[in-house]
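Thank you all for coming. I would like to take a few minutes to walk you through a structure that is new to most of us, so please have a look at it first.

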Amino acid sequence: MPIRVAIVSPEQEVWSGDADMVVARTTEGDLGVLPGHVPLLGVLVPGGTVRVKTGGREISAQVDGGFISVTHQGVSILAETATLS
Amino acid sequence: MAGQLREYRRRIRSVQSTKKITRAMELIAASRIAKARARVAAARPYAEEITRVIEAVASQTTISHPLTTERPQPARAAVVVITSDRGLAGGYSSNALRRTNELIELLRLEGKEPELHVIGRKGVGYYRFRGRAMSGEYTGFSEQPSYADAKSVADALIASFVAAPEDGGVDEIHVVHTEYVSAIAQNPVARRLLPMVLTETDEPPAGGPLPQYEFEPSAEAVLDALLPRYVESRLYAAMLESAASESAARQRAMKSATDNAEDLIRSYSRQANRARQDAITQEISEIVGGANALASAS
């Protein structure tokens with residue numbers, strides 16, 4: 001069961017789609033989110049990278065000043081600036 | 001007689017060139033509405049998500065955070081008003097300013113001293129002319145605001161919101177912006193930004209029930225980090241919507257200016273034609289009169 005992931009910056013939605021796993025670094029350390037993760041709200045480290053694994057591909061995005069919000073509906077990465085790399 | 005005709009022709013030419021300008025501005029404004037509305041739509045996912053997250057956090061924690069807690073005795077309130085940089089937009093700026101003055105009155109009645117932060121050259125000019133002190137002036141981006149512009153305004157607001165009252169800190173932040181209802185209707189509205197107004201309803205919120213979050217590192221730290229993002233994103237949304245309203249107001253104003261110019265051209269053309277005919281009639285009667293005079297003289 002894939003999880004719905006959206007990476008959004010204030011000016012636009014940078015990426016959205018279904019993924020198998022999301023890896024992000026919060027101020028507490030690396031965090032891997034798999035389907036069924038408990039709801040969580042974390043502060044991401046500045047200048048960190050968020051990796052989204054979907055199928056065989058991996059998408060990574062540089063995010064700055066952001067949050068990760070994990071809910072039963074999906075994962076949202078809210079970043080002040082986000083660029084896909 | 002010929003002089004009158006020349007005068008009418010000159011006026012027609014001048015109105016025609018005015019019409020070209022207003023027509024061009026109308027078309028530019030129309031294309032900017034679409035662009036601004038697309039940007040409003042693009043900014044919506046972030047704004048909605050951040051509001052949802054804050055509501056979820058606020059509804060489940062009992063901690064008192066400046067973001068959501070009313071201060072016991074609010075003494076000062078910041079008022080942000082969004083106006084345009086350029087005129088020729090009908091009543092756009094003056095409507096927003098009228099709404100602001102109503103809000104200022106209201107705040108004064110409640111015993112709060114308002115502090116003005118003005119966006120847009122028109123608003124700055126309005127308050128400067130009236131000799132009213134402004135705590136912040138921001139100009140040059142009213143038609144196409146970027147997130148960085150919103151951030152620069154938000155930084156100043158947050159700094160004064162977290163400052164102690166004796167250092168000129170404010171207890172509340174209000175925003176007056178112009179809501180885009182449709183191409184023909186825009187409403188100036190005043191909203192309180194901080195402390196956040198939490199809607200207490202029994203209905204389940206849109207997009208399913210609010211999640212019971214765990215926090216990393218802690219609820220306080222998350223709220224601290226969320227506060228500036230919230231203010232920025234709300235301001236940015238307000239600025240984008242105002243930009244759409246500004247363009248819509250300008251389009252309407254320029255459309256009626258173009259229509260007026262067309263009416264003027266039509267009535268001047270009629271008068272010019274009449275003057276031309278009168279001149280011809282007079283010339284003929286002069287020739288006939290002259291010929292008759294010559295004939296009777298000989």
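Let me begin with a single residue, I82(B), which touches A96(B), I119(B), G120(B), V176(B), H177(B), T178(B), A238(B), M239(B) and S242(B), leaving aside residues up to four places away in sequence; contact here means that the C-beta atoms of two residues, placed from the backbone, lie within 7 Å. Before I go on, please note that this is a predicted model, in which local features need pLDDT of at least 70 and side-chain atom pairs count only at pLDDT 80 or more, while totals for chains, interfaces and linings use all residues. Residues are numbered from 1 along each chain as its sequence is written, and chains are lettered from A and ligands numbered from 1 in the order in which they are written.

I82(B) is found in strand β1 of chain B, where helices (H or I, at least four residues) and strands (E, at least two) are DSSP runs, numbered from the N terminus. Because I82(B) has 29 C-beta neighbours inside 10 Å, it counts as buried; the cut-off for buried is 20 or more other C-beta atoms within 10 Å, for exposed 12 or fewer, with partly exposed in between. Although I82(B) and V118(B) are 36 residues apart in sequence, their C-alpha atoms are 6.4 Å apart in space.

One of the contacts of I82(B) is A96(B), and this brings us to helix α2(B), whose buried residues are Y92(B), S93(B), A96(B), L97(B), T100(B), L103(B), I104(B) and L107(B). Seen down the helix axis, these buried residues fall within an arc of 120°, so they line one face of α2(B), the arc being that of the directions from the axis to the C-beta atoms. On the other side of α2(B), E105(B) and L109(B) are exposed. The buried residues pack against several elements of chain B, including β1 (76–82), β2 (113–119) and α5 (219–297).

Now to the other chain: how many residues of chain B are in contact with chain A? There are 24, and they meet 23 residues of chain A. The largest share of this side of chain B, 8 residues, comes from α1(B).

Finally, strand β5 (residues 40–43) of chain A pairs with β6(B) in the parallel sense over 3 bridges, pairing being called when DSSP finds at least two bridges between two strands. Within this arrangement, G42(A) stands opposite E216(B) in β6(B).
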